[in-house]
Amino acid sequence: MKLEVLHAGLSTTIQDSGRINGLAYGVPKGGAMDLKLMYLANRLVGNPITNPVLELTMQGGQYRFGGDSIIAVTGRGEAFINSNKIKLNSRVVVNKDDVLRVNSGKKSRYSYLSVQGRIEAEEFWGSCSTYELAKKGGYNGRKLEKGDVLSIKKGLQNESVLLAEVSTVNKSVIRIVKAPEFDDFPEKDIDQIVKGSFTVSLHSNRMGYRLNECLLEGTSSGNIISSGSIPGTIQVPSSGAPIVLMADSPTTGGYPRIGVIHPDDLGDFAQKLPGEMVKFKWFEL
């Protein structure tokens, strides 16, 4: 089956669960920004949960189906087939020439579209996730554009799928755990990061979210020897404005690390819109 892009929205890319084969060589993990929603999208249509999906950013765009199929759109926005509103986070039957329109609205940043079968995409270091900086993976290593046509291959499906629901409320408090340089930060920073309120900067993307409003003092040097980092790591440069590393972030960094977002909360944090407030709380493993 073919899927035609009529309008690519703000930023739509092919993503899966990410790559681990290239981490030792400096290749970012990549993958969906909200893995829980990506896995749910695949489960709903009976696909393996790691199959490639479309990651839709805020204004999701419009897509025409070249055949009958089963799809799912997961997220907290709204979606329409032709002019009829459909239920999110559930299985939906589509017919040939149906047009899907998706909009995340003001509730979240990312939605996911899965189609029963497997989206054909370029593989890079064992993953089909789009890595735009290297122009690899996904669809020619780039965002989708109007006129692009994706191919969907048939695959093994689990037809006995239980309907699932996700929370429609974004978490306002995100759990964090201690990072390697935790003890190098002054006590007031340890308190401030959970007592203060941050806002997500406009200068935020799949590599990292910058946080505004609440500044930290930071460590005495403001730097470390370049060390390993993972998505969710909270770095504090000399400016005192924290940076949270996200899916496409480098695998090493030279800023002190005060904390790491709990893996179960990273998707909720990723959904934060520019200007949205976020609070943290320490979580003991």
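# Exercises on a seven-strand barrel and its neighbours

Seven strands, in the order S13-S20-S17-S18-S15-S14-S21, close into a barrel with mixed pairing. From one strand to the next the twist averages 40°, where axes are lines fitted to C-alpha atoms, for helices over the stretch in contact, and angles run from 0 to 180 degrees between N-to-C directions. Helices (H or I, at least four residues) and strands (E, at least two) are DSSP runs numbered from the N terminus, and two strands pair if DSSP finds at least two bridges between them.

The model is predicted: local features need pLDDT of at least 70, side-chain atom pairs count only at pLDDT 80 or more, and totals for chains, interfaces and linings use all residues. Residues are numbered from 1 along each chain as its sequence is written, and side-chain values use heavy atoms, with hydrogens and water left out.

## Exercise 1

Find the strands that pair with S13 (residues 173-178) and give the sense of each pairing.

Solution.
1. S13 and S20 run antiparallel and are joined by three bridges. Within this pair, Lys178 has Gly259 as its bridge partner.
2. S13 and S21 run parallel, with four bridges between them. Here Ile176 is matched with Trp282 of S21.

## Exercise 2

Describe the pairing of S20 with S17 (residues 233-235), and decide whether S20 is enclosed or open.

Solution.
1. Three bridges connect S17 to S20, and the two strands run antiparallel. Gly259 of S20 is the bridge partner of Ile234. Gly259 is also the bridge partner of Lys178.
2. Buried means under 20% relative accessible area, exposed over 50%, and partly exposed in between (1.4 Å probe, protein chains only).
3. Five of the five residues of S20 (residues 257-261) are buried, so the strand is largely enclosed by the rest of the structure.

## Exercise 3

Locate the buried and exposed residues of helix H2 (residues 187-195), and state what the helix packs on.

Solution.
1. The buried residues of H2 are Asp189, Ile190 and Ile193.
2. Seen down the axis of H2, these fall within an arc of 105°, so they line one face of the helix. The arc is that of the directions from the helix axis to the C-beta atoms.
3. Exposed Glu187, Lys188 and Lys195 sit on the face turned away from the buried side.
4. The buried residues pack against S13, S14 (198-200), S17, S20 and S21, contact being heavy atoms within 4.5 Å.
5. The direction of H2 makes about 130° with that of S21.

## Exercise 4

Characterise helix H3 and the loop residue Gln271.

Solution.
1. Six of the eight residues of H3 are buried, and the helix is mostly covered. These are Asp265, Leu266, Gly267, Asp268, Phe269 and Ala270.
2. H3 lies across S13, S15 (208-212), S18 (243-245), S20 and S21, at about 135° to S13.
3. Gln271 is in the loop between H3 (263-270) and S21 (277-282). Its relative accessibility is 0%, so Gln271 counts as buried.
4. A polar atom of the Gln271 side chain lies 2.7 Å from the backbone nitrogen of Tyr110.

## Exercise 5

Identify the pairing partners of strand S3 (residues 53-57) and say which residues lie on each of its faces.

Solution.
1. S2 (residues 12-15) pairs with S3 in the antiparallel sense over four bridges; Thr12 has Leu56 as its partner.
2. S10 (residues 110-115) also pairs with S3 antiparallel over four bridges; there Leu56 is matched with Ser111.
3. In a regular strand the side chains alternate between the two faces of the sheet.
4. Val53, Glu55 and Thr57 are on one side of S3, Leu54 and Leu56 on the other, and all are buried.

Methods: A polar contact is a pair of N or O atoms within 3.5 Å; within protein, one must be able to donate a hydrogen and the other to accept it, and residues adjacent in sequence count only if both atoms are side-chain atoms.
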